[in-house]
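These are my notebook entries on a structure that was new to me. I set down each item as I looked it up.

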Amino acid sequence: GSITINNNITYITPEELGIVNIPIGHVTGARSISGNFTCYLVKDTIATDVSSNFWADLKALTTTVTHDFQLIFQVGGTTGSPRMSVDMPHCTIEIPTHSIEDIISLETAFSALPSTIDDTDELTVSYYVAP
C-alpha cells in the first residue's frame with residue numbers, strides 16, 4: 001500500500017525577463033492525505049480482522065451511506081519493536097476492486113479527513129523502538 005501526504009505548498013515567484021526566477025515566499029494550502037492498499041482476499045471463519053470480512057462489511061452497506069471509517073496501518077506488526085502505526089480516525093474508503101489472476105486480491109483507495117473543518121487531526125504516526 002501507499003500513503004501520500006501533500007501540504008499543497010505553492011511558491012510565489014515573480015516573473016522577470018532575462019533572469020532566473022527565484023521564489024520569494026510560499027503559501028501552504030490545505031493538507032491532503034490519501035493512498036491505497038492491496039491485499040489478498042483471505043477466507044478465515046475464526047478471525048474477524050481478515051480481508052474477506054472487510055469485503056463483506058463494505059458489500060453489506062446497502063442502506064447506509066457513511067464516509068467515516070477508522071483506518072490503521074501497522075507496519076512491522078502489532079506487538080514488539082521496532083514498528084510503526086499510522087492511525088487515520090476519519091477516512092472515506094472507496095469500494096474495493098478485485099483482481100482475479102493466480103490469486104484473488106482487493107485494491108482499495110482512501111482519503112483521510114479531519115474531524116472538523118478547522119482541525120488538523122487527519123493522521124497520527126506512532127513509532128515504537130526497542131528499549
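The entries below go from aromatic rings to charges, strand contacts, a loop residue and the surface.

**Entry 1. Model**

I noted at the start that this is a predicted model. I therefore treat each value below as computed from a prediction.

**Entry 2. Aromatic rings**

I searched the whole structure for aromatic pairs and found three. I then asked how the rings of F37 and F73 are placed relative to each other. Their centres are 5.9 Å apart and their planes stand at 80°, so I recorded the pair as edge-to-face. This pair links distant parts of the chain, since F37 belongs to strand β4 (residues 32–40) and F73 to strand β5 (residues 69–75), 36 residues apart.

Next I looked up whether these two residues are buried or exposed. F37 has a relative accessibility of 14% and therefore counts as buried. F73, at 18%, counts as buried because the limit for that class is under 20%.

F37 also forms an aromatic pair with F110. Here the centres are 6.4 Å apart and the angle between the planes is 35°, which I entered as tilted. This pair, too, links distant parts of the chain: F37 sits in strand β4 and F110 in strand β8 (residues 104–112), 73 residues apart. F110 is buried, with a relative accessible area of 2%. I closed the entry by recording that F37, F73 and F110 form one aromatic cluster.

**Entry 3. Charges**

How many salt bridges does a search of the whole structure find? I found one. The side chains of E122 and R31 meet in it, at 2.6 Å from N to O. E122 lies in the loop between β8 and β9 (124–128), and R31 lies in the loop between β3 and β4, so the pair ties together parts that are 91 residues apart in sequence.

I compared the accessibility of the two partners. E122 is buried, with a relative accessible area of 6%, whereas R31 is partly exposed at 34%.

I also looked at the ring of Y128. R83 lies over its face, at 3.9 Å from the ring centre.

**Entry 4. Two residues of strand β8**

I returned to strand β8, in which S105 is found. S105 is buried, with a relative accessible area of 15%. I listed its contacts, leaving aside neighbours within four places in sequence: T38, C39, Y40, L41, T97, H98 and S99.

A109 is found in strand β8 as well. Its relative accessible area is 25%, and A109 is therefore partly exposed. Not counting residues up to four places away in sequence, A109 touches G35, N36, T92, I93 and E94. I also looked up its separation from S34: the two are 75 residues apart in sequence, and their C-alpha atoms are 7.6 Å apart in space.

**Entry 5. A separation along the chain**

I then looked up S81, which is found in the loop between β5 and β6 (83–93). S81 is partly exposed, with a relative accessible area of 34%. S81 and T4 are 77 residues apart along the chain, and their C-alpha atoms are separated by 24 Å.

**Entry 6. A backbone angle**

Which sign does the phi of N8 have? I found a positive phi of about 50°, although N8 is not a glycine. I noted the value because most residues other than glycine have a negative phi. N8 lies in the loop between β1 (2–6) and β2 (9–12). With a relative accessible area of 32%, N8 is partly exposed.

**Entry 7. Surface patch**

Last, I asked which residues form a nonpolar patch on the surface. I12, I24 and V27 form it, and together they have about 290 Å² of accessible area. Of these, I followed up V27, which is found in strand β3 (residues 25–28). V27 has a relative accessibility of 45% and counts as partly exposed, because exposed would require over 50%.

Notes
Residues numbered from 1 in each chain as written. Predicted model: local features only at pLDDT ≥ 70, side-chain atom pairs only at ≥ 80, totals over all residues. Heavy atoms only, no water. Patch = residues over 30% accessible without salt bridge, like charges linked within 9 Å, V, L, I, M, F, W, Y side chains within 5 Å. Areas by Shrake-Rupley, 256 points an atom, 1.4 Å probe, with all protein chains shown as cover. Salt bridge = Lys/Arg side-chain N within 4 Å of Asp/Glu carboxyl O. Helix = DSSP H or I, 4+ residues; strand = E, 2+ residues; numbered from the N terminus. Buried < 20%, exposed > 50% of the residue type's maximum accessible area, 1.4 Å probe, protein only. Phe/Tyr/Trp six-rings, centres within 6.5 Å; stacked < 30°, edge-to-face > 60°. Lys NZ or Arg CZ within 6 Å of the ring centre and 35° of its normal. Contact = heavy atoms within 4.5 Å.
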